[in-house]
Amino acid sequence: MEYGWAVAILAASTGLCWWTRPLLTLADQAMLYLLGVLIASVRLGRGPSFFAAAGSVAALDFFFVPPFFTFDVAHVRYLVTFGVMLAVGATVSHLMHRIREQAETARLREARTATLYAVSQQFAVQTQVDEIAATAIHHVENLTGAAAAVFVADAGGELRRQGSTETMQPPSEGERAEVRRVFERGEPSDDGGDRIFLPLVGTRGALGVFELTRRGSSGAVIPAAQGQLVRTLVAQTALALERAMLAEQAARADITAEMERTRSALLSAVSHDLRTPLAAITGTAEALLDEHTDLSTAARSELLETIRDEAARLSRLVSNLLDLTRLESGALQVRKETCPLEEIVASSLSRLGTLLEKRDVRVDLPDEMLLVAVDPLLLEQVLVNLLENAVRYSPAESPIELAAGVHGGEVLVSVADRGPGIPIGEEKLVFEKFYRTDDGRRAGGTGLGLAICRAILAAHGGRIEAENRAEGGARFLLTLPLDASGADWAAVREESEEEASS
Amino acid sequence: MSAPEAIASPKPLVLVVEDEPHVRRFLRVSLPSHGYRVVEAASAEEGIRMTEEHVPDVVLLDLGLPDRDGLEVARQIRSWSSVPIIVLSARGQEPQKVEALDAGADDYLTKPFGFNELLARLRVALRHSASRGSDAAPADIFASGPLRVDLGARRVFAGAQEVHLTPVEYKLLTALVRQAGRVVTHRQLLEAVWGPHTGQRTHYLRVYMTHLRHKLEPDPVRPRLFLTEAGVGYRLQTLDDAFE
């Protein structure tokens, strides 16, 4: 076919030279033929273009060198012309061919690089083993036309098929055995024509096996031209799989480490904070029991008060721990009811009893009754924790202010003190479990009170925030949704009066 | 078993049903100096048996007994005796306390409880059972601190000032007065004021109690009379322990 084109080019060159015969010299005609040879080399294979070169010389000789229409030459100088022309034609043809070959090689290389790049990019974002296997299979299939499957070893060393071409059957016994063998040896193998098994080897040993099954009935499983590319892909797949598996391990380790940290923080907090009041109680009780200690009645009373107060502190700590555990494990049920905020404030104040006795607690509630939909026990706990903190962190003579109001469909409650306030920048940090300022540590707090408050508020669809007051001290703001159902007290009152009289 | 005594007012007998030996010891040791005799039971079975045998004046019943549910014990004792039962339970066990109270217990104490609290509960329990048992006419006037309620004339005074209460408020007040010093559960109050089948309308109660506090307490936010027993009910404190 190509030779036909070569002949056509020769005919065209000859025709052109013939019609322009009066105008052109032999040199010009030789140039025209060479142009034809160039065109032939660009388009045609090696053979045809060489044929064009030789044919050009013959045609030139036959048609345009005297004696015309013979292959004889009148003069030796024409032999030189022919020789040079043939040499030039052959060289041009050869060079053109080389250029084309190189261009083709470069193109193939570029295609290969593009494939590897595309695969690398995909692998870079994939974190799951099955995703990576699917990508590898997709590309290898495209390159080789074979059906591919990826086997990956799990934690127990079992090889599981992680991905395969859709049409593939589940692996047979023989297949599994071969996969196992390749995995253990780390060496590729083929079963004599239809299948090839390539080991997936990471930096720390074999990770799995890549299986390729020829789909057609003949030819190599992996075409020779794609051999290197396929092997490179398999190596990349191995590395990507290793990365994914290591990332999984790291994530698991992180979670375990986090759980360990929480557990040990809890244990150390519990251990220290339980022992301190216990130490006070034990020591005081022993002092009281000691017959040699000479105590006045007043001193005796004082020591007994210590026992009582430390026991109360211990009791609050245990309550906090239990609440926190219940909240964290989701065991705490929030039983919301419509409650007047005032009632909850009253019961929080009375729960703290003697702790508030000597403090100036100022309560500022609006005249109209504020109804909130809350679990009264839980909200009481929040106020108790906040008030306890206020007492603990502020000087004995300073006032503690509790206020509430409605703002934009929400109820805002604030508990404020005139203590040292919250360290700047830690306004959010204070709500973390076990967070304590240095003052807090000294004052014997557990670091749990505010964490519990936050959890309880969250369970009610509310919020709690901390801020420092301009005049010094800390303010804690709670936001609760206003209870819409109870807001219309007039209607409720009517209804209840009716029911009562019926 | 003690010999029957012919003396006018023997010391009241307290039966302590509690499996924790240290709690029993603390009660056994401290109550006698306040005018009580104490007998102990360490399990539910023993407690029921001893209630039959000793006929105590008050039973202190722990809800966390190992052999039987405290609620059942309360129910069983209540089925043949009107002895006051005060249940002992831990914080966070409010639903169980309410169940026990609705099943016939008269009051409760939350562990760890203070000694003064215990003494107050015992006094209230004994006073109620004494007035129930006596043939005297029911008291006409209730007084506690600044609160005076003239049940005959249906007039209420806070200090020197007469206070007007709506019919519902008055009904609520009298329900509390009848049980003065003892806790009354939400359900018991709702039934007393609004009739049966209103167990779910706790918010009525809360709002009305707030109204009562506003009308009758000098400082509504720091009530001395109308105490909220969170999760359980309300208690009208008897500040002077006086019932004329």
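This tour moves through a predicted model, from chain B as a whole to the interface and then to single sites.

**Chain B as a whole**

Begin by selecting chain B and colouring by secondary structure, which brings out eight helices and twelve strands. If you then colour by accessibility, 51% of the 244 residues of chain B count as buried, while the surface that chain B exposes comes to about 11,100 Å², with carbon and sulfur atoms supplying 52% of it. A contact map adds to this picture: of the contacts in chain B between residues at least 6 apart in sequence, 61% join residues at least 24 apart.

**The interface of chain A and chain B**

Next, show both chains and select the residues of each that touch the other. The selection should hold 33 residues of chain A, in contact with 32 residues of chain B, and the two chains bury about 2,600 Å² between them, 54% of it on carbon and sulfur atoms. Six residue pairs are in polar contact across this interface, both residues of each pair being at pLDDT 80 or more.

On the side of chain A that touches chain B, at least two residues each come from α8 (297-328), β6 (337-340), α9 (341-352), β7 (361-364), α11 (376-393) and α15 (489-501) of chain A. Select α15(A) for a closer view, since this helix supplies eight residues, the largest share of that side. Colouring the side of chain A that touches chain B by residue class gives 15 nonpolar, six polar and twelve charged residues.

Which side chains meet in a salt bridge here, with N to O at 2.9 Å? Select B:Arg206 and A:Glu343, whose side chains pair across the two chains at that distance; three salt bridges are found across this interface.

**Salt bridges within the chains**

Over all chains, the structure holds 44 salt bridges. Side chains of opposite charge can pair when their charged atoms come close, and the next three stops show pairs of this kind in settings that can be compared by eye.

Go first to helix α7 (residues 227-289) of chain A, where A:Glu248 and A:Arg252 lie four residues apart, about one turn of the helix. The closest N and O atoms of this salt bridge are 3.9 Å apart, and the cut-off for a salt bridge is 4 Å. A:Glu248 is partly exposed at 37% relative accessibility, and A:Arg252 is also partly exposed, at 49%.

Then move along chain A to A:Arg463 and A:Glu465, which form a salt bridge with the closest N and O atoms 3.9 Å apart. A:Arg463 has a relative accessible area of 42% and is partly exposed, as is A:Glu465 at 39%.

For the third stop, select helix α4 (residues 94-102) of chain B. B:Lys97 and B:Glu94 are three residues apart in this helix and are therefore separated by about one helical turn, and their side chains meet in a salt bridge of 3.1 Å, N to O. Are these two residues buried or exposed? B:Lys97 counts as buried at 0% relative accessibility, and B:Glu94 counts as buried at 10%. While chain B is in view, select B:Asp107, B:Glu117, B:Arg121, B:Glu229 and B:Arg235, which are joined into one network by salt bridges that share partners.

**A serine in chain A**

Return to chain A and centre on A:Ser189, in strand β3 (residues 189-190). Its side chain is joined to that of A:Glu178 by a polar contact of 2.6 Å. Beyond the neighbours within four places in sequence, A:Ser189 is in contact with A:Glu178, A:Val182, A:Arg195, A:Ile196 and A:Phe197.

**Backbone stops in chain B**

The last stops concern the backbone, and they lie in loops. Between β5 (107-111) and α5 (115-133) of chain B, select B:Pro112; the peptide bond from B:Lys111 to B:Pro112 is cis, with omega near -5 degrees.

In the loop between α2 (44-54) and β3 (58-62) of chain B, select B:Val55, whose phi is near 45 degrees, a positive value in a residue other than glycine. B:Val55 is exposed, with a relative accessible area of 60%.

End at B:Arg154, in the loop between β7 (147-150) and β8 (155-158) of chain B. The phi of B:Arg154 is near 55 degrees, again a positive value in a residue other than glycine, and B:Arg154 counts as exposed at 58% relative accessibility.

Notes:
Residues are numbered from 1 along each chain as its sequence is written. Chains are lettered from A and ligands numbered from 1 in the order in which they are written. This is a predicted model: local features need pLDDT of at least 70, side-chain atom pairs count only at pLDDT 80 or more; totals for chains, interfaces and linings use all residues. Side-chain values use heavy atoms; hydrogens and water are left out. Buried means under 20% relative accessible area, exposed over 50%, partly exposed in between (1.4 Å probe, protein chains only). Contact means heavy atoms within 4.5 Å. Accessible areas come from the Shrake-Rupley method with a 1.4 Å probe; for residues, only the protein chains shown count as cover. Buried area is the accessible area (1.4 Å probe) that two parts lose on being put together, summed over both. A polar contact is a pair of N or O atoms within 3.5 Å; within protein, one must be able to donate a hydrogen and the other to accept it, and residues adjacent in sequence count only if both atoms are side-chain atoms. Ala, Val, Leu, Ile, Met, Phe, Trp, Tyr, Cys and Pro count as nonpolar, Asp, Glu, Lys and Arg as charged, and the others, Gly among them, as polar.
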